[in-house]
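Please open the model in your viewer and keep the selection panel at hand. We will go from stop to stop, and at each one you will be told what to select and what to look for.

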Amino acid sequence: MTRAAVNKIIPFSAVDGPGNRTAVFLQGCNFDCKFCHNPETIHTCIHCGVCVPYCQPGALTMAEGKVTYNITKCVLCDECFHHCPYGASPRTRQMTAGEVMAEVRKNMPFIRGVTVSGGECTLWRDFLVELLTLAKGEGLHTLLDSNGTYDFSTDRPLMAVTDGIMLDVKAWTGEDHRRVTGADNAMVLRNLRWLAGQGKLPEVRTVVVPGLFDCEQTVRETSILLRELGCLDTRYKIISYRPMGVRQEYKSLEIPTPEFLTCLAHLAQSYGLTDVVII
Ligand code: SF4
Ligand code: SF4
């Protein structure tokens, strides 16, 4: 079985899709969002060992050139990734789909489904197919939380075991999107259209950061597109930027006012969207 770097598993989550779900977070991302509140999930650990001496409880040890993480000793003090010069985390476990599913099974029958997030979960495509196949075999609903850079239309095996993709529209224009994430958004918008046609677009999100990109244009054009695609009941989450966990150099990004967020929600609703949520 394929192994993936698992950053964490949240047994019960009410915010990662409909109903109570187990959320699995994988390490590594191909975006570099300025507002990322988990920047330690972006890069993969290169086992340099710099963080090990900062781990007072001894959860980290160096053996044969690799950092080993002992979850039972970890007190979640975050000292390790605060001292990592590479924006990585040693707090990952290389797990097979079967091992992750064993963790998920402990939460049944109190969960409706499984959501795999990240980082960007599609960087671990083979692992996803294996895990979601096991989850479907247990009768669970399966969702992916993706930045939309993976071409889902070309992957029938993955889509056969995925009930839906929760997609971020981080900015509308390519230029704004590159400023926010470091990457273009052509594939994101292509995925949005394709997933809508497949009935597999339960949720779209935009993180609102005034001054970083044109938030109003992004919400307006995304809402218009969802209406054109007949996705009026797709949940549209309008998420306030918050500086918690964000890298020091981006902590001064502007926090939107409640009035501006409400204004954006009304804008989305004015195009007929029925499930607009501000968080
Ligand atoms: S988490 Fe960072 S500092 Fe720690 S071993 Fe990995 S790369 Fe080095
Ligand atoms: S968060 Fe990191 S430094 Fe703190 S106890 Fe856990 S592994 Fe060690």
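Before the first selection, one definition is needed: a residue counts as near a molecule if one of its heavy atoms lies within 4 Å of it. Keep in mind as well that this is a predicted model.

Start by selecting ligand 1 together with its surroundings, where you will find 13 residues, of which Cys45, Cys48, Gly49, Cys51 and Cys84 come nearest. Colour this shell by residue class, and you should see ten nonpolar residues, three polar ones and no charged ones.

Go on to ligand 2, which is also surrounded by 13 residues, the closest being Cys55, Cys74, Cys77, Cys80 and Arg91. Which classes make up the shell around ligand 2? The colouring here gives ten nonpolar residues and three charged ones, with no polar residue.

Next, colour the chain by domain, taking residues 3–41 and 93–278 as domain 1 and residues 46–91 as domain 2, as the domain assignment gives them. The C-alpha centres of these two domains lie 28 Å apart, and where the domains meet, six residues of domain 1 are in contact with seven residues of domain 2. The area buried between domain 1 and domain 2 is about 470 Å², and carbon and sulfur atoms give 53% of it. Select Asn7, Glu40 and Arg93, which supply 82% of the area that domain 1 buries against domain 2, more than any other three residues.

Now show the strands as arrows and find the open sheet of nine strands, which has mixed pairing and follows the order β5-β1-β2-β6-β7-β8-β9-β10-β11. Why is one side of β5 and of β11 left without a neighbour in the sheet? Both β5 (93–96) and β11 (276–278) stand at the edges and have a single partner strand each, so one side of each has no neighbour there. If you look along the sheet, the twist from one strand to the next averages 30 degrees.

Within this sheet, select residues 203–208, which form β9, and residues 235–240, which form β10; the two strands pair in the parallel sense over six bridges. At Val208 you can follow one bridge across to its partner in β10, Ser240. Then add two helices to the view: α6 (residues 186–198) lies across β8 (164–168) and β9, running at about 145 degrees to β8, while α7 (residues 215–228) lies across β9 and β10, at about 170 degrees to β10.

The last stops concern the backbone, and some background helps: most residues other than glycine have a negative phi, and most peptide bonds are trans. Zoom in on the bond from Met108 to Pro109, which is cis, with omega near 10 degrees; Pro109 sits in the loop between α2 (97–105) and β6 (113–117). A cis peptide bond also joins Gly118 and Gly119, with omega about 10 degrees, and Gly119 belongs to the loop between β6 and α3 (125–137). Finish at Leu76, a residue other than glycine whose phi is positive, near 60 degrees, and which is placed in the loop between β4 (66–69) and α1 (79–82).

Terms used. Residues numbered from 1 in each chain as written. Chains lettered and ligands numbered in written order. Predicted model: local features only at pLDDT ≥ 70, side-chain atom pairs only at ≥ 80, totals over all residues. Heavy atoms only, no water. Nonpolar A, V, L, I, M, F, W, Y, C, P; charged D, E, K, R; others polar. Pairing = 2+ DSSP bridges. Helix = DSSP H or I, 4+ residues; strand = E, 2+ residues; numbered from the N terminus. Axes fitted to C-alpha atoms, helices over the stretch in contact; angles between N-to-C directions. Contact = heavy atoms within 4.5 Å. Domains from an automatic or database assignment. Buried area = accessible area lost by both parts, 1.4 Å probe.
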